[in-house]
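Work through the exercises below with the sequence and the model open beside you. Each task is followed by a solution that goes step by step.

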Amino acid sequence: MERTFIMIKPDGVQRGLIGEVIARFERKGFTLVGMKLMAVSRELAEKHYDVHKDKPFFGGLVEFITSSPVVAMVWEGENVVASGRTLIGATNPISSAPGTIRGDFGITIGRNLIHGSDAVETAQREIALWFTEPELASWTPAN
Ligand code: CMP
């Protein structure tokens, strides 16, 4: 079954949106298989955002992600990578539709509340970066 990596960023945690995000993924029908509230090391943040290392916002992004705890999660379900991105909304909250997490709660791209893997291969890389195998539970909801 497909899995994706979802992170509620420091702004999402500070604004009290942990429950809101989890509720939206649960209501959609996805299964939570891993979750932890954690402080992010500079090393982990730099590895996670490695693809952006040459961008002008990289330094600020790493500073921000390491500034205060995040909630790292792994969700499982059919097409959860693409569907999760739809629930989250476009990267820039200017373009994210109402009804999406960023569309409903975000204003600026540098404080867009949440991260979701952009492809199945990226999800595999990110899950391995943030979680160890014993931290992930395999289970099937009864209904
Ligand atoms: P995320 O989905 O976590 O992936 C990369 C992040 O970089 C993105 O969300 C934004 O938070 C951030 N980002 C992208 N473009 C900019 C920008 N122009 N200025 C600041 N942050 C950016």
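A pocket, as the word is used here, is an open set of grid points with protein on both sides within 12 Å along at least five of seven lines, and its lining residues have an atom within 4 Å of a point.

**Exercise 1.** State how confident the predictor is in this model.

Solution. Begin with the protein chain of this predicted model, for which the mean pLDDT is 97, with 99% of the residues at 70 or more. Then turn to the complex, to which the predictor gives an ipTM of 0.93 and a pTM of 0.96.

**Exercise 2.** Describe the largest pocket and its lining.

Solution. First, take the volume, which is about 590 Å³ for the largest pocket. Next, consider its 25 lining residues, of which Y49, H52, L61, T91 and H115 are the closest to the centre. The elements that each contribute two or more residues to this lining are α4 (58–65), α5 (80–88), β4 (114–116) and α7 (120–130). Finally, sort the lining by class, which gives eight nonpolar, ten polar and seven charged residues.

**Exercise 3.** Identify the surroundings of the ligand and its polar contacts.

Solution. Start with the residues around the ligand, among them K9, F57, G110 and N112. Then examine the oxygen atoms of the ligand: one lies 3.3 Å from a polar side-chain atom of R102, one lies 3.1 Å from a backbone N or O atom of I109, and one is 3.1 Å from a side-chain N or O atom of H115. Last, consider burial: the ligand alone exposes 450 Å², of which the protein buries 77%.

Definitions and conventions:
Residues numbered from 1 in each chain as written. Predicted model: local features only at pLDDT ≥ 70, side-chain atom pairs only at ≥ 80, totals over all residues. Heavy atoms only, no water. pLDDT = per-residue confidence, 0-100. 1 Å grid on protein atoms, 1.4 Å probe; cavity = no way out; pocket = protein on both sides within 12 Å on 5 of 7 lines; lining within 4 Å. Points joined across faces, edges and corners; volume = space filled by probe spheres on them. Helix = DSSP H or I, 4+ residues; strand = E, 2+ residues; numbered from the N terminus. Nonpolar A, V, L, I, M, F, W, Y, C, P; charged D, E, K, R; others polar. Near = heavy atom within 4 Å. Polar contact = N/O pair within 3.5 Å; in protein donor to acceptor, adjacent residues only side chain to side chain. Areas by Shrake-Rupley, 256 points an atom, 1.4 Å probe, with all protein chains shown as cover.
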